Amino acid sequence: MSDQHRRRAALTGSRSRRKDAPTRARYRVARTDSLAPGESLKFMLPIRGADEECFLINFGGEFHAYVNRCRHVPMAMDWVDNQFFAEDGRYLMCQTHNAYYEPASGECIAGPPTACGKYLYRVMTEIEDGVIYARPPQEEFED
């Protein structure tokens, strides 16, 4: 950086930014005490420049979040609003394709052959002071 740029930065408080550094914005989703085990909550998250519908689940006291998109055909998994758990609460189920997913990993374990073995697109979460935050997925995913 030249002396002129350093002086200008010192006066204006501006700093150059690395263009290749990804932004690590996080978004508030819910409070931990607002989602009981077996419950889910949909939320919007900016992914690849557009708002994408995602969902948060409480599975056995642990929170997991995924993009609301079946791996068989890219459409929302809940045809009954905000219902992702199968009747027994052990699996997540795509209401359209009857694909079953492991809640903790997002792996498809039953359903259409083209979906089995694939994973739901995970949304990273973190908890701070009883608040659940989500970060957009960093990996590219198929549509």
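A network of salt bridges links Arg26, Glu126, Glu128 and Arg135 in this predicted model. In total, nine salt bridges are present in the structure.

Within the network, Arg26 pairs with Glu126, and the closest N and O atoms of the two residues are 2.7 Å apart. Arg26 is located in the loop between α1 (3-12) and β1 (27-31), whereas Glu126 belongs to strand β8 (residues 122-128); the pair therefore ties together parts that are 100 residues apart in sequence. Arg26 has a relative accessible area of 28% and is classed as partly exposed. Glu126 is likewise partly exposed, at 28% relative accessibility.

Glu126 also forms a salt bridge with Arg135, for which the closest N and O atoms lie 3.0 Å apart. Arg135 has a relative accessibility of 15% and counts as buried, because the class comprises residues under 20% relative accessible area. The salt bridge between Arg135 and Glu126 thus involves a buried arginine and a partly exposed glutamate.

A further salt bridge is formed by Asp81 and Lys42, with the closest N and O atoms 2.5 Å apart. This pair links distant parts of the chain, 39 residues apart: Asp81 lies in the loop between β4 (62-67) and β5 (92-93), and Lys42 in strand β2 (residues 40-47). The loop residue Asp81 is exposed, at 56% relative accessibility, whereas Lys42 has a relative accessible area of 23% and is partly exposed. Asp81 is assigned to the exposed class because that class requires a relative accessible area over 50%.

Backbone geometry was also examined. Most residues other than glycine have a negative phi. Asn82 has a positive phi of about 65 degrees although it is not a glycine. Asn82 is situated in the loop between β4 and β5, the loop that also holds Asp81 of the salt bridge with Lys42. A positive phi, near 55 degrees, is likewise found at Asn98, another residue other than glycine. Asn98 is placed in the loop between β5 and β6 (100-101). With a relative accessible area of 44%, Asn98 is partly exposed.

How values were computed
Residues numbered from 1 in each chain as written. Predicted model: local features only at pLDDT ≥ 70, side-chain atom pairs only at ≥ 80, totals over all residues. Heavy atoms only, no water. Salt bridge = Lys/Arg side-chain N within 4 Å of Asp/Glu carboxyl O. Helix = DSSP H or I, 4+ residues; strand = E, 2+ residues; numbered from the N terminus. Buried < 20%, exposed > 50% of the residue type's maximum accessible area, 1.4 Å probe, protein only.
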